[in-house]
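Subject: Structure handover

Hi,

Here is the structure I promised to pass on. My notes follow below it.

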Amino acid sequence: MKSFPLFKLTDLPLLPVAGSWVDATPYALMFLLLLGAALAATRLRGRARQTVRRIVQAISAFVFIIFLHRCICMLRGWAFAMSLMGRNNVLAFGHACMFVVIIAIGMAFGRFFCGWICPLHLIQEGIAGLYHRRLGLASPRLRRVAGYLLAAGITVLLVWLAYLVRPGARFFSENVAAVWGLALLALIFFVVAHERWDARAKKLKYLSLAAWLALSLAGVFVTNPWCVLYGDELDYSSLVALLAVVSGGAVISLAWCRYLCPAGATLAVAAEVAALRVAAPGNCRCCGRCDLVCPTGALKEGNIDQSSCTYCGRCLEHCGFQWVWVRGADSSPGEVEQHA
Ligand code: SF4
Ligand code: SF4
Ligand code: SF4
């Protein structure tokens, strides 16, 4: 790995905690971004809401990709934190913080972080926006072309990974992210051919999360497609995974977020008890027109898959969808406070 400092404007903690490298800046900025996003999401409507969402996403991308030197990894951080606890509590706190913050956000606001803050969502939405429609493939001809391109991408990745296998090399440890990228392309190749498997494939994100946690516990330095964006080093495996996510997202909109993102899976679990939700209109005729506006495939004829909804708010501009505050885990639609 070699240094890639051009991506980072600062290389020191701006608000160091107890004189350590633990930086309070990401948390302060995350709080401000979330606050602005929450206000915009609930107070604005129509195009204004989506415009502010884009602005918040763009600021978030600038802050976490270009401005701050510290990455905001929430996945392996907790494993580091556990290993440091009792020996260096400040560093343990620094590693655990993002995981705790994201889980807390998920339990209150579902996958709001995904739709409003995560830079990878913005990047994939930009790609999907080029021609997204349901799974991004309107015609059988497009589907065939996508299949050929995916097969070519999978072959290139396999050849590249085979080339990296050498005696004595820690192949898997050093290429975890690329292996996940390969799995994503193979999965998309399958779902493109069998569109009805989209819903089942979404469950694989939990398997992805379990594998990620197991590898972290086993001491493997698990990397992912964001590492090359958030970190300040050029990790080729992560770069390849990012390319797979971006190209896969052109075939199936937000494919990484739908099927394999372990952070998304963590938030999806937390989202099951979320207080803020999107609710379909009570007089739904199941016409299915709203399915087309949802970039994650969370909408099916007026039914919302809470674990897949990234709270992007696009459906709120259609047919009477609205935010609801659920008062208790067992609340029925009649036990909610509604906000347009
Ligand atoms: S699913 Fe993962 S990549 Fe997608 S928006 Fe959420 S955290 Fe970001
Ligand atoms: S909520 Fe969706 S499926 Fe139901 S009537 Fe409106 S557009 Fe049709
Ligand atoms: S259900 Fe609505 S808010 Fe949720 S991802 Fe789909 S369009 Fe966005």
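How near do the axes of helix 1 and helix 2 come, and at what angle do they cross? They come within 9 Å and cross at roughly 170°. Helix 1 spans residues 25-43 and helix 2 spans residues 46-67.

Conventions first. This is a predicted model, in which local features need pLDDT of at least 70, side-chain atom pairs count only at pLDDT 80 or more, and totals for chains, interfaces and linings use all residues. Residues are numbered from 1 along each chain as its sequence is written, while chains are lettered from A and ligands numbered from 1 in the order in which they are written.

**Overall**

The chain has 15 helices and seven strands. Both are DSSP runs numbered from the N terminus: helices are H or I with at least four residues, strands E with at least two. Of the 340 residues, 40% count as buried (20 or more other C-beta atoms within 10 Å of the residue's own; 12 or fewer is exposed, in between is partly exposed; C-beta atoms are placed from the backbone). Take the contacts with a separation of 6 or more: residues 24 or more positions apart account for 70% of them. A contact here means C-beta atoms, placed from the backbone, within 7 Å.

**Helix pairs**

Two packed helices are described by the angle between their axes and the distance between the axes. Axes are lines fitted to C-alpha atoms, for helices over the stretch in contact, and angles run from 0 to 180 degrees between N-to-C directions. Under 35 degrees is roughly parallel, over 145 roughly antiparallel, 65 to 115 roughly perpendicular, and the rest oblique.

Back to the opening pair. Helix 1 and helix 2 are therefore roughly antiparallel. From helix 1, the contact uses Leu29, Leu33, Gly36, Ala37, Ala40 and Ala41. Helix 2 answers with Arg49, Val52, Arg53, Val56, Ile59, Ser60 and Val63. By class, the residues of this contact are nine nonpolar, two polar and two charged (Ala, Val, Leu, Ile, Met, Phe, Trp, Tyr, Cys and Pro count as nonpolar; Asp, Glu, Lys and Arg as charged; the others, Gly among them, as polar).

Next, helix 9 (residues 176-193) and helix 13 (residues 236-251). Their axes come within 7 Å and cross at roughly 15°. That makes helix 9 roughly parallel to helix 13. The crossing is left-handed (the near helix is turned anticlockwise from the far one by less than a right angle; clockwise is right-handed). Helix 9 residues in the contact include Trp180, Leu184, Leu185 and Ile188. Those in helix 13 include Val240, Ala244, Val245 and Gly248. The split is 13 nonpolar, four polar and no charged.

Third, helix 11 (residues 204-217) and helix 15. The axes come within 8 Å and cross at roughly 110°. That makes helix 11 roughly perpendicular to helix 15. Lys205, Tyr206, Ser208, Leu209 and Trp212 in helix 11 meet Pro262, Gly264, Ala265, Thr266 and Ala268 in helix 15. This contact has six nonpolar, three polar and one charged residue.

**Ligand shells**

A residue is near a molecule if its C-beta atom, placed from the backbone, lies within 6 Å of it; the same cut-off serves for a strand.

- Ligand 1: the surrounding residues are Cys114, Cys118, Leu120, His121, Trp256, Cys257, Cys261, Ala263 and Gly264. Helix 6 (119-128), helix 14 (255-259) and helix 15 (262-271) each supply at least two residues of this shell. Seven are nonpolar, two polar and none charged.
- Ligand 2: the residues around it include Cys284, Cys286, Cys287, Cys290 and Cys319, along with Arg285, Arg289 and Glu301. The shell has seven nonpolar, two polar and three charged residues.
- Ligand 3: 14 residues surround it, and Cys294, Cys309, Cys312, Arg314 and Cys315 come nearest. The shell divides into 10 nonpolar, three polar and one charged.

**Two loop residues**

Gln306 sits in the loop between strand 5 (303-304) and strand 6 (322-326). It has 15 C-beta neighbours inside 10 Å, so Gln306 counts as partly exposed. Leaving out residues up to four places away in sequence, Gln306 touches Gly110, Ala271, Glu272 and Arg277.

Pro13 is in the loop between strand 1 (2-3) and helix 1. With 19 C-beta neighbours inside 10 Å, Pro13 also counts as partly exposed. Pro13 and Thr25 are 12 residues apart along the chain, with their C-alpha atoms separated by 7.5 Å.

Best wishes

Conventions
Two residues are in contact if their C-beta atoms, placed from the backbone, lie within 7 Å.
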